[in-house]
Amino acid sequence: MKSIPLIACAALLACAGPANAVKVLSEVNPKNAASEGFAVTTVRDDRGMLDFRVTREVAKARWQGRSANLEVRGAKGLIARCGVEPLARNGRDGTVTYRFQLAPEQAMHSKLTVAELQTDPANPDGRQLIGGGTYYEFRLADWAEPAAAK
């Protein structure tokens with residue numbers, strides 16, 4: 001009778017493999033953006049707004065499911081949170097580009113998070129699976145300051 005629990009434990013250990021459910025947070029800044037597979041451009045328009053374009057090289061992504069969320073903050077705190085839809089998914093050049101505009105004073109306190117999560121490879125935009133993922137966090141002030149000065 002004592003051998004049954006031992007056999008069950010041994011069977012569980014034999015079936016156990018590496019867990020791929022790790023979620024990673026990576027801060028993206030002007031120094032490491034290219035190595036992470038991102039390009040960020042910011043242009044001040046004629047109204048004074050900052051036009052952000054965040055482009056992702058799909059070939060450098062580990063996970064196929066992706067989304068982006070913008071957290072707009074002012075000097076006194078959170079103003080709004082919203083999703084950012086890409087201009088095109090998996091464009092002809094193998095990129096995904098997110099575009100949005102902010103006033104310079106909000107850009108100094110705001111952040112964009114691009115999430116790449118494990119989904120069914122046959123349905124990348126489908127339900128997220130319990131599994132791996134990477135969250136790329138962009139402090140927009142890193143890109144807003146040079147554009148705001150123009």
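Mentor: Let's start with a definition: rings of Phe, Tyr and Trp count as a pair if their centres lie within 6.5 Å, and planes over 60 degrees apart make the pair edge-to-face. Keep in mind that this is a predicted model.

Trainee: Thanks! How many aromatic pairs does the structure hold?

Mentor: There are four aromatic pairs. Take F38 and F138: their ring centres are 5.0 Å apart and the planes meet at 80°, so this pair is edge-to-face. F38 belongs to strand β2 and F138 to strand β8, so to speak two distant parts of the chain, 100 residues apart, linked by the pair. Both F38 and F138 are buried.

Trainee: And what kind of pair do F138 and W143 form?

Mentor: A tilted one, with 5.8 Å from centre to centre and 50° between the planes. F138 and W143 are both buried as well. Step back, and one aromatic cluster appears, formed by F38, Y136, F138 and W143.

Trainee: Now the wider view. How many helices and strands does the chain have?

Mentor: Four helices and eight strands. Reading along the sequence, you will meet them in the pattern α-β-α-β-β-β-β-β-α-β-β-α. Another way to read a fold is through its contacts: of those between residues at least 6 apart in sequence, 67% join residues at least 24 apart.

Trainee: How do strands β2 and β3 run relative to each other, parallel or antiparallel?

Mentor: To read strand pairing, follow the bridges. Strand β2 (residues 38–44) and strand β3 (residues 50–57) are antiparallel, with seven bridges joining them. R44 sits opposite L50 in β3. The two strands make a hairpin with five residues between them, and in the turn G48 has a positive phi of about 95°.

Trainee: Which other strand pairs with β3?

Mentor: Look at β6 (residues 95–102), which pairs with β3 in the antiparallel sense over eight bridges. As a landmark, find V54: its bridge partner in β6 is Y98.

Trainee: What share of the chain's residues is buried?

Mentor: Of the 150 residues, 37% are buried. On the outside, the accessible surface comes to about 9400 Å², and 56% of that belongs to carbon and sulfur atoms.

Trainee: Which residues touch the most other members of the largest nonpolar core?

Mentor: F52, F100, L112 and F138 do, in a core of 23 residues. The elements giving two or more residues to this core are β2, β3, β4 (65–74), β6, β7 (111–119), β8 (128–139) and α4 (141–148). Its largest share, four residues, comes from β6. To see one core member in its setting, centre your view on L112: leaving out residues up to four places away in sequence, L112 touches ten residues you can tick off as V54, A68, N69, L70, V84, F100, Y136, E137, F138 and L140.

Trainee: One last residue: is S26 buried or exposed?

Mentor: Here the cut-off helps: buried means under 20% relative accessible area. S26 has 12%, so S26 is buried. You will find S26 in strand β1 (residues 23–28).

Trainee: Which residue's side chain makes a polar contact with that of S26?

Mentor: The partner is E36, and the polar contact between the two side chains is 3.2 Å. Beyond four places in sequence, S26 touches E36, Y135, Y136 and E137. You have already met Y136, a member of the aromatic cluster with F38, F138 and W143.

Conventions
Residues numbered from 1 in each chain as written. Predicted model: local features only at pLDDT ≥ 70, side-chain atom pairs only at ≥ 80, totals over all residues. Heavy atoms only, no water. Pairing = 2+ DSSP bridges. Buried < 20%, exposed > 50% of the residue type's maximum accessible area, 1.4 Å probe, protein only. Polar contact = N/O pair within 3.5 Å; in protein donor to acceptor, adjacent residues only side chain to side chain. Contact = heavy atoms within 4.5 Å. Areas by Shrake-Rupley, 256 points an atom, 1.4 Å probe, with all protein chains shown as cover. Core = buried A, V, L, I, M, F, W, Y, C linked by side-chain atoms within 4.5 Å. Phe/Tyr/Trp six-rings, centres within 6.5 Å; stacked < 30°, edge-to-face > 60°.
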